[in-house]
Protein chains: 2
Amino acid sequence: MKAKATFYHAGCPVCVEAEQNVAAALDPQRFEVEIVHLGNDKARVAEAESAGVKSVPALVIDGLPFHINFGADLSALK
Amino acid sequence: MKAKATFYHAGCPVCVEAEQNVAAALDPQRFEVEIVHLGNDKARVAEAESAGVKSVPALVIDGLPFHINFGADLSALK
């Protein structure tokens, strides 16, 4: 079974760069990558927060949050 | 030809977590991943810096720097 990786972003330039270069670089044989735009999908902000996400872009792999550079604080997306 | 990805770290717990979960998750078919411990290999701090790395852990993919969470400032490793 593939591990789950969720990439949370808000469409910002820093987010797009991280999506194209990091999220897209994950091994598709081992990971199922879901891309979530929190600006468009505000209902999922709480889910990101409970995974420990403080800012976007962030990648949650196996439940662990990895903040990649800095685009926007999560509080700006509520 | 595989793209080059360089993971810079300093052996810190945040670094180890990022190495095991993000650097190790990259697609081995498309990326050749090099792991560089800047604490042990101070000669390469300048190289990381010129790629735009400000702190570790960081992943440089195709020349672009991606800081993953925050372990230590690069200046602490000089």
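**Reading the chain A and chain B interface and its local geometry**

Trainee: In this predicted model, how many residue pairs are in polar contact across the interface of chain A and chain B, and what makes a pair count?

Mentor: The rule finds 10 residue pairs in polar contact across the interface of chain A and chain B, with both residues of each pair at pLDDT 80 or more. A pair qualifies when its N or O atoms lie within 3.5 Å, provided that one can donate a hydrogen and the other can accept it.

Trainee: Which elements of chain A supply that side of the interface, and which of them gives the most?

Mentor: Two or more residues each come from α1 (13–21) and from β4 (64–73) of chain A, and β4(A) gives the most, with 6 residues. Sorted by class, the side of chain A that touches chain B has 12 nonpolar, 4 polar and 3 charged residues.

Trainee: How many salt bridges are counted between chain A and chain B?

Mentor: The count between chain A and chain B is 0 salt bridges, although over all chains the same rule gives 10 salt bridges.

Trainee: What makes Lys4(A) and Glu34(A) a salt bridge?

Mentor: Their side chains meet at 3.1 Å, N to O, and the cut-off for a Lys or Arg nitrogen and a carboxyl oxygen is 4 Å, so the pair qualifies. This pair links distant parts of the chain, with Lys4(A) in strand β1 (residues 3–9) and Glu34(A) in strand β2 (residues 31–37) of chain A, 30 residues apart.

Trainee: How much area do chain A and chain B bury, and which residues of chain A lose the most?

Mentor: About 1,600 Å² is buried between chain A and chain B, 55% of it on carbon and sulfur atoms. On the side of chain A, Asn21(A), Phe66(A) and Asn69(A) lose the most area to chain B, together 31% of what that side buries. In terms of contact, 19 residues of chain A meet 19 residues of chain B.

Trainee: Why are Cys12(A) and Cys15(A) called a disulfide, and what is the handedness of the bond?

Mentor: Their sulfur atoms are 2.2 Å apart, and the cut-off is 2.5 Å, so the pair counts as a disulfide. The torsion about the S-S bond of Cys12(A) and Cys15(A) is about 70 degrees, and the disulfide is therefore right-handed. Over all chains the structure holds 2 disulfides.

Trainee: Why is the peptide bond that joins Val56(A) and Pro57(A) called cis, and what is notable about phi of Asp62(A)?

Mentor: Omega of the bond joining Val56(A) and Pro57(A) is about 0 degrees, and the bond is cis; Pro57(A) lies in strand β3 (residues 55–61) of chain A. In chain B, the bond from Val56(B) to Pro57(B) is likewise cis, with omega near 0 degrees. Asp62(A), in the loop between β3 and β4 of chain A, has a phi near 50 degrees, a positive value in a residue other than glycine. Most residues other than glycine have a negative phi, and most peptide bonds are trans.

Trainee: What confidence does the predictor give to chain A and to the complex?

Mentor: The mean pLDDT of chain A is 97, with 100% of its residues at 70 or more, while the complex receives an ipTM of 0.94 and a pTM of 0.96.

Methods: Residues numbered from 1 in each chain as written. Chains lettered and ligands numbered in written order. Heavy atoms only, no water. pLDDT = per-residue confidence, 0-100. Contact = heavy atoms within 4.5 Å. Buried area = accessible area lost by both parts, 1.4 Å probe. Polar contact = N/O pair within 3.5 Å; in protein donor to acceptor, adjacent residues only side chain to side chain. Helix = DSSP H or I, 4+ residues; strand = E, 2+ residues; numbered from the N terminus. Nonpolar A, V, L, I, M, F, W, Y, C, P; charged D, E, K, R; others polar.
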